[in-house]
Amino acid sequence: MVQAARSGKQNIVEGCAAASTSAKTEIKLINVAKASLKELLEDYEDFLKTRNAPQWQKGSVEYEAMRNLGRTHNDPEFFMKLVETRPPETIANMAIILINQADYLLFKQLERLSADFLKNGGFSERMTALRRKNRGF
(Lines give C-alpha, C1' and ligand atoms only; values in the text may rest on other atoms or scores of the structure.)
Protein backbone atom coordinates (compact mmCIF):
# COMPACT_ATOMS: atom_id res chain seq x y z
CA MET A 1 0.00 0.00 0.00
CA VAL A 2 2.83 2.36 0.81
CA GLN A 3 4.48 1.66 -2.54
CA ALA A 4 1.23 2.26 -4.48
CA ALA A 5 0.66 5.56 -2.65
CA ARG A 6 4.24 6.68 -3.20
CA SER A 7 4.18 5.62 -6.85
CA GLY A 8 0.99 7.60 -7.46
CA LYS A 9 2.45 10.76 -5.99
CA GLN A 10 5.86 10.38 -7.62
CA ASN A 11 4.41 9.76 -11.09
CA ILE A 12 2.32 12.92 -10.81
CA VAL A 13 5.44 14.91 -9.86
CA GLU A 14 7.55 13.29 -12.58
CA GLY A 15 4.84 13.76 -15.22
CA CYS A 16 4.46 17.43 -14.42
CA ALA A 17 8.23 17.89 -14.52
CA ALA A 18 8.36 16.27 -17.97
CA ALA A 19 5.58 18.50 -19.32
CA SER A 20 7.88 21.13 -20.77
CA THR A 21 9.61 18.66 -23.08
CA SER A 22 7.17 15.82 -23.66
CA ALA A 23 3.39 15.91 -23.53
CA LYS A 24 3.40 12.18 -24.32
CA THR A 25 5.51 11.42 -21.24
CA GLU A 26 3.39 13.68 -19.07
CA ILE A 27 0.18 11.95 -20.17
CA LYS A 28 1.74 8.51 -19.75
CA LEU A 29 2.97 9.25 -16.22
CA ILE A 30 -0.35 10.75 -15.13
CA ASN A 31 -2.02 7.54 -16.36
CA VAL A 32 0.51 5.48 -14.38
CA ALA A 33 -0.30 7.61 -11.32
CA LYS A 34 -4.01 6.89 -11.81
CA ALA A 35 -3.26 3.16 -12.03
CA SER A 36 -1.24 3.28 -8.81
CA LEU A 37 -4.05 5.09 -7.02
CA LYS A 38 -6.55 2.50 -8.30
CA GLU A 39 -4.30 -0.20 -6.83
CA LEU A 40 -4.25 1.65 -3.51
CA LEU A 41 -8.04 2.08 -3.65
CA GLU A 42 -8.45 -1.67 -4.10
CA ASP A 43 -6.18 -2.29 -1.10
CA TYR A 44 -8.30 -0.06 1.13
CA GLU A 45 -11.50 -1.69 -0.10
CA ASP A 46 -9.99 -5.12 0.61
CA PHE A 47 -8.97 -3.90 4.07
CA LEU A 48 -12.61 -3.13 4.86
CA LYS A 49 -13.91 -6.38 3.33
CA THR A 50 -11.49 -8.58 5.27
CA ARG A 51 -12.63 -6.96 8.51
CA ASN A 52 -16.33 -7.08 7.60
CA ALA A 53 -16.36 -3.31 8.01
CA PRO A 54 -18.82 -1.22 6.00
CA GLN A 55 -17.67 1.06 3.23
CA TRP A 56 -19.33 4.45 3.44
CA GLN A 57 -21.97 4.89 0.77
CA LYS A 58 -22.61 7.99 -1.28
CA GLY A 59 -25.24 10.08 0.46
CA SER A 60 -24.38 8.89 3.97
CA VAL A 61 -23.50 11.57 6.52
CA GLU A 62 -19.93 10.27 6.88
CA TYR A 63 -19.35 10.03 3.14
CA GLU A 64 -20.64 13.51 2.37
CA ALA A 65 -18.76 15.07 5.29
CA MET A 66 -15.48 13.50 4.15
CA ARG A 67 -16.12 14.47 0.54
CA ASN A 68 -16.60 18.06 1.67
CA LEU A 69 -13.36 17.95 3.67
CA GLY A 70 -11.55 16.65 0.60
CA ARG A 71 -12.90 19.56 -1.43
CA THR A 72 -12.06 22.23 1.11
CA HIS A 73 -8.70 21.11 2.52
CA ASN A 74 -5.47 20.33 0.72
CA ASP A 75 -3.11 20.36 3.69
CA PRO A 76 -1.84 16.86 4.57
CA GLU A 77 -1.35 17.95 8.18
CA PHE A 78 -5.08 18.60 8.48
CA PHE A 79 -5.84 14.99 7.53
CA MET A 80 -3.01 13.55 9.63
CA LYS A 81 -4.54 15.18 12.71
CA LEU A 82 -7.88 13.60 11.85
CA VAL A 83 -6.49 10.09 11.48
CA GLU A 84 -4.73 10.26 14.85
CA THR A 85 -8.10 10.00 16.59
CA ARG A 86 -10.01 7.68 14.22
CA PRO A 87 -10.27 3.88 14.15
CA PRO A 88 -8.66 2.02 11.21
CA GLU A 89 -11.99 1.39 9.43
CA THR A 90 -12.79 5.11 9.47
CA ILE A 91 -9.32 5.95 8.18
CA ALA A 92 -9.76 3.44 5.34
CA ASN A 93 -13.08 5.03 4.38
CA MET A 94 -11.55 8.48 4.51
CA ALA A 95 -8.71 7.33 2.27
CA ILE A 96 -11.13 5.76 -0.23
CA ILE A 97 -12.96 9.05 -0.64
CA LEU A 98 -9.76 11.07 -0.98
CA ILE A 99 -8.36 8.60 -3.53
CA ASN A 100 -11.55 8.81 -5.57
CA GLN A 101 -11.33 12.61 -5.51
CA ALA A 102 -7.69 12.50 -6.61
CA ASP A 103 -8.59 10.06 -9.38
CA TYR A 104 -11.31 12.41 -10.64
CA LEU A 105 -8.92 15.37 -10.63
CA LEU A 106 -6.33 13.35 -12.55
CA PHE A 107 -9.03 12.34 -15.05
CA LYS A 108 -9.89 16.01 -15.61
CA GLN A 109 -6.19 16.84 -15.95
CA LEU A 110 -5.79 14.11 -18.58
CA GLU A 111 -8.78 15.46 -20.49
CA ARG A 112 -7.18 18.91 -20.55
CA LEU A 113 -3.73 17.57 -21.47
CA SER A 114 -5.20 15.52 -24.32
CA ALA A 115 -7.19 18.47 -25.63
CA ASP A 116 -4.13 20.73 -25.43
CA PHE A 117 -2.03 18.13 -27.24
CA LEU A 118 -4.60 17.78 -30.02
CA LYS A 119 -4.83 21.55 -30.41
CA ASN A 120 -1.18 22.54 -29.99
CA GLY A 121 0.85 19.37 -30.43
CA GLY A 122 3.76 18.52 -28.22
CA PHE A 123 7.27 19.89 -27.91
CA SER A 124 8.52 17.99 -30.98
CA GLU A 125 5.66 19.23 -33.14
CA ARG A 126 6.22 22.82 -32.04
CA MET A 127 9.95 22.56 -32.73
CA THR A 128 9.29 21.10 -36.21
CA ALA A 129 6.86 23.93 -36.97
CA LEU A 130 9.47 26.50 -35.88
CA ARG A 131 12.15 24.85 -38.02
CA ARG A 132 9.84 24.82 -41.05
CA LYS A 133 8.89 28.45 -40.48
CA ASN A 134 12.56 29.39 -40.17
CA ARG A 135 13.32 27.61 -43.48
CA GLY A 136 10.46 29.34 -45.22
CA PHE A 137 8.19 26.29 -45.67
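Me: Among contacts in the chain between residues at least 6 apart in sequence, what percentage join residues at least 24 apart?
Reply: The model is a predicted one. Contacts here are counted between residues at least 6 apart in sequence, and the share sought is that of pairs at least 24 apart. In this chain that share is 68%.

Me: Which secondary structure pattern does the chain follow along the sequence?
Reply: The chain has zero strands. Its helices number six. Read along the sequence, the pattern is therefore made of helices, with the definition of these elements resting on DSSP runs: α-α-α-α-α-α.

Me: What radius of gyration does the chain have, set against a compact globule of 137 residues?
Reply: The C-alpha atoms fill a box of roughly 70 × 25 × 25 Å along the principal axes. For a compact globule of 137 residues, a radius near 14 Å would be expected. The chain instead has a radius of gyration of 19 Å.

Me: What percentage of the accessible surface of the chain belongs to carbon and sulfur atoms?
Reply: Of the 137 residues, 30% count as buried. The accessible surface of the chain comes to about 9,300 Å². The part of that surface belonging to carbon and sulfur atoms is 57%.

Me: How far apart do the centres of the positive and negative side chains lie?
Reply: The chain carries 21 positive side chains and 17 negative ones. Each set has its own centre, and the separation of the two centres is 11 Å.

Me: What span does helix α2 reach from its first C-alpha to its last?
Reply: Helix α2 covers residues 23–50, a run of 28 residues. At 1.5 Å a residue, the expected span is 40 Å. The span in the model is close to that value, at 41 Å.

Me: Which residue in the loop between α2 and α3 has a positive phi?
Reply: The residue in question follows α2 and is found in the loop that leads to α3 (61–72). Its phi is near 50°, a positive value in a residue other than glycine. The residue is N52.

Me: Why does N52 count as exposed?
Reply: A residue counts as exposed when its relative accessible area is over 50%. N52 counts as exposed because its relative accessibility is 73%.

Me: Which residues does F47 touch, not counting those up to four places away in sequence?
Reply: F47 is found in helix α2. Its C-alpha atom is separated by 23 Å from that of N68, 21 residues apart along the chain. The residues that F47 touches are P88, E89 and A92.

Me: Is I97 buried or exposed?
Reply: I97 lies in helix α5. Its contacts beyond four places in sequence are W56, Y63, M66 and R67. Because its relative accessible area is 4%, and the cut-off is under 20%, I97 is buried.

Me: How far apart are the C-alpha atoms of I97 and R67?
Reply: R67 is one of the residues that I97 touches. The two residues are 30 residues apart along the chain. Their C-alpha atoms are separated by 6.4 Å.

Me: How far apart in space are R112 and A53, C-alpha to C-alpha?
Reply: R112 has its place in helix α5 (residues 88–120), and at 44% relative accessibility R112 counts as partly exposed. R112 and A53 are 59 residues apart in sequence. In space, C-alpha to C-alpha, they are 37 Å apart.

Note on methods. Residues are numbered from 1 along each chain as its sequence is written. This is a predicted model: local features need pLDDT of at least 70, side-chain atom pairs count only at pLDDT 80 or more; totals for chains, interfaces and linings use all residues. Side-chain values use heavy atoms; hydrogens and water are left out. Helices (H or I, at least four residues) and strands (E, at least two) are DSSP runs, numbered from the N terminus. The radius of gyration is taken over C-alpha atoms; the globule rule is 2.2 Å times the number of residues to the power 0.38. Buried means under 20% relative accessible area, exposed over 50%, partly exposed in between (1.4 Å probe, protein chains only). Contact means heavy atoms within 4.5 Å. Accessible areas come from the Shrake-Rupley method with a 1.4 Å probe; for residues, only the protein chains shown count as cover. Lys and Arg count as positive and Asp and Glu as negative; His and the chain ends are not counted. The place of a charge is taken as NZ of Lys, CZ of Arg, CG of Asp or CD of Glu. The expected span of a helix is 1.5 Å times one less than its number of residues.
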